Protein chains: 2
Amino acid sequence: MIVDNLKPPYYAVLFSTLMTDNLEGYIETARRMETLAKLQPGYLGIESARNEIGITVSYWESLEAITQWKNNVEHTEVRELGREKWYQQYQLRICKVEREYGFKA
Amino acid sequence: MIVDNLKPPYYAVLFSTLMTDNLEGYIETARRMETLAKLQPGYLGIESARNEIGITVSYWESLEAITQWKNNVEHTEVRELGREKWYQQYQLRICKVEREYGFKA
């Protein structure tokens, strides 16, 4: 789903990933993390797509909200597991959304 | 491919799309636009993924570089074609990348 109900300025965490061949437990864990993220203060929405690489963008009210989510204990444990098992490579970018345009046919 | 050679601050154009059922000419045009974008001054890289929705992120040195690419004549014509034929919905976000972390196994 495309997130189209936000008003800049706000923040985006842009997470680009290349997976290993071992995806055991990944999908369940990714779903659990999405559920947890939605419970965080300052969470605004999420968009995700995957084929050769995966791109997940989560939207947040503030840098403080992103830091709180980063420091969530379960999320921190899962990130370690991700680096051990699931991710061959990733790049994580903290971005300020300055402007936005939408279109619907 | 994941873009992992950039140093913040720089800019990201985050383009989230939902397609129509008519993708005639789309792939060729998307490739042509990627080729054109790479020739633009200030272009830094691109990442793209698609399943239910598509997410394409292009990276740029400055807001001026993004504006120049927006004003490119061929790109402008293609955007109109996109709204007529290919896109059911899209959201375009102009973002400033403030921080970045990378991982490689």
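This report describes the fold of chain A, the relation between chains A and B, and several individual residues in a predicted model.

**Chain A as a whole**

Chain A contains three helices and four strands. Their order along the sequence is β-α-β-β-α-α-β. With a radius of gyration of 14 Å, against the 13 Å that the globule rule gives for 105 residues, chain A is as compact as a globular protein of that length. Along the principal axes, the C-alpha atoms of chain A fill a box of roughly 40 × 30 × 20 Å.

Of the 105 residues in chain A, 47% are buried. Among the contacts in chain A with a separation of 6 or more, 76% are between residues 24 or more positions apart. The area that chain A exposes is about 5,700 Å², and carbon and sulfur atoms supply 51% of it. The charged side chains of chain A are 13 positive and 15 negative, and the centres of these two sets lie 4 Å apart.

**The two copies**

Chain A is superposed on chain B by a rotation of 180° with 0.0 Å of shift along the axis, at an RMSD of 0.0 Å. That is the relation of a two-fold axis. Both copies use the same surface, since 100% of the contact residues of chain A recur in chain B.

**Cis peptide bonds**

Each chain has a cis peptide bond between Pro8 and Pro9. In chain A, the bond joining A:Pro8 and A:Pro9 has an omega of about 0°. In chain B, omega for the bond from B:Pro8 to B:Pro9 is near 5°. A:Pro9 belongs to the segment before strand 1 of chain A, a strand that covers 10-19. B:Pro9 likewise belongs to the segment before strand 1 (10-19) of chain B.

**Lys96 in both chains**

A:Lys96 is part of strand 4 of chain A, residues 87-104. Its counterpart B:Lys96 is part of strand 4 of chain B, residues 87-104. What is the exposure class of A:Lys96? A:Lys96 has a relative accessibility of 27%, so it counts as partly exposed. B:Lys96 also has 27% relative accessibility and therefore counts as partly exposed.

Which residues does A:Lys96 contact, leaving aside neighbours within four places in sequence? Within chain A they are A:Pro9, A:Tyr10 and A:Tyr11, and across in chain B they are B:Ile94, B:Cys95, B:Lys96 and B:Glu98. A:Lys96 is thus in contact with A:Pro9, a residue of the cis bond described above. For B:Lys96, again not counting residues up to four places away in sequence, the list is A:Ile94, A:Cys95, A:Lys96, A:Glu98, B:Pro9, B:Tyr10 and B:Tyr11. The two Lys96 residues therefore touch one another, as heavy atoms within 4.5 Å count as a contact.

**Val78 and Leu23**

B:Val78 lies in helix 3 of chain B, residues 73-86. The relative accessibility of B:Val78 is 18%, and B:Val78 counts as buried because the class requires a value under 20%. Apart from neighbours within four places in sequence, B:Val78 is in contact with B:Thr29, B:Met33 and B:Trp86. One of these contacts, B:Met33, is 45 residues away along the chain, with 8.4 Å between the C-alpha atoms of B:Val78 and B:Met33.

A:Leu23 sits in the loop between strand 1 and helix 1 (26-39) of chain A. A:Leu23 counts as partly exposed, at 42% relative accessibility.

**Selected C-alpha distances**

The table sets separation along the chain beside distance in space for four pairs.

| Pair | Sequence separation | C-alpha distance |
|---|---|---|
| B:Val78 and B:Met33 | 45 residues | 8.4 Å |
| B:Lys96 and B:Glu64 | 32 residues | 13 Å |
| A:Lys96 and A:Met33 | 63 residues | 22 Å |
| A:Leu23 and A:Gly45 | 22 residues | 25 Å |

Terms used. Residues are numbered from 1 along each chain as its sequence is written. Chains are lettered from A and ligands numbered from 1 in the order in which they are written. This is a predicted model: local features need pLDDT of at least 70, side-chain atom pairs count only at pLDDT 80 or more; totals for chains, interfaces and linings use all residues. Side-chain values use heavy atoms; hydrogens and water are left out. Helices (H or I, at least four residues) and strands (E, at least two) are DSSP runs, numbered from the N terminus. The radius of gyration is taken over C-alpha atoms; the globule rule is 2.2 Å times the number of residues to the power 0.38. Buried means under 20% relative accessible area, exposed over 50%, partly exposed in between (1.4 Å probe, protein chains only). Accessible areas come from the Shrake-Rupley method with a 1.4 Å probe; for residues, only the protein chains shown count as cover. Lys and Arg count as positive and Asp and Glu as negative; His and the chain ends are not counted. The place of a charge is taken as NZ of Lys, CZ of Arg, CG of Asp or CD of Glu. Copies are superposed by least squares on the C-alpha atoms of residues with pLDDT of at least 70 in both.
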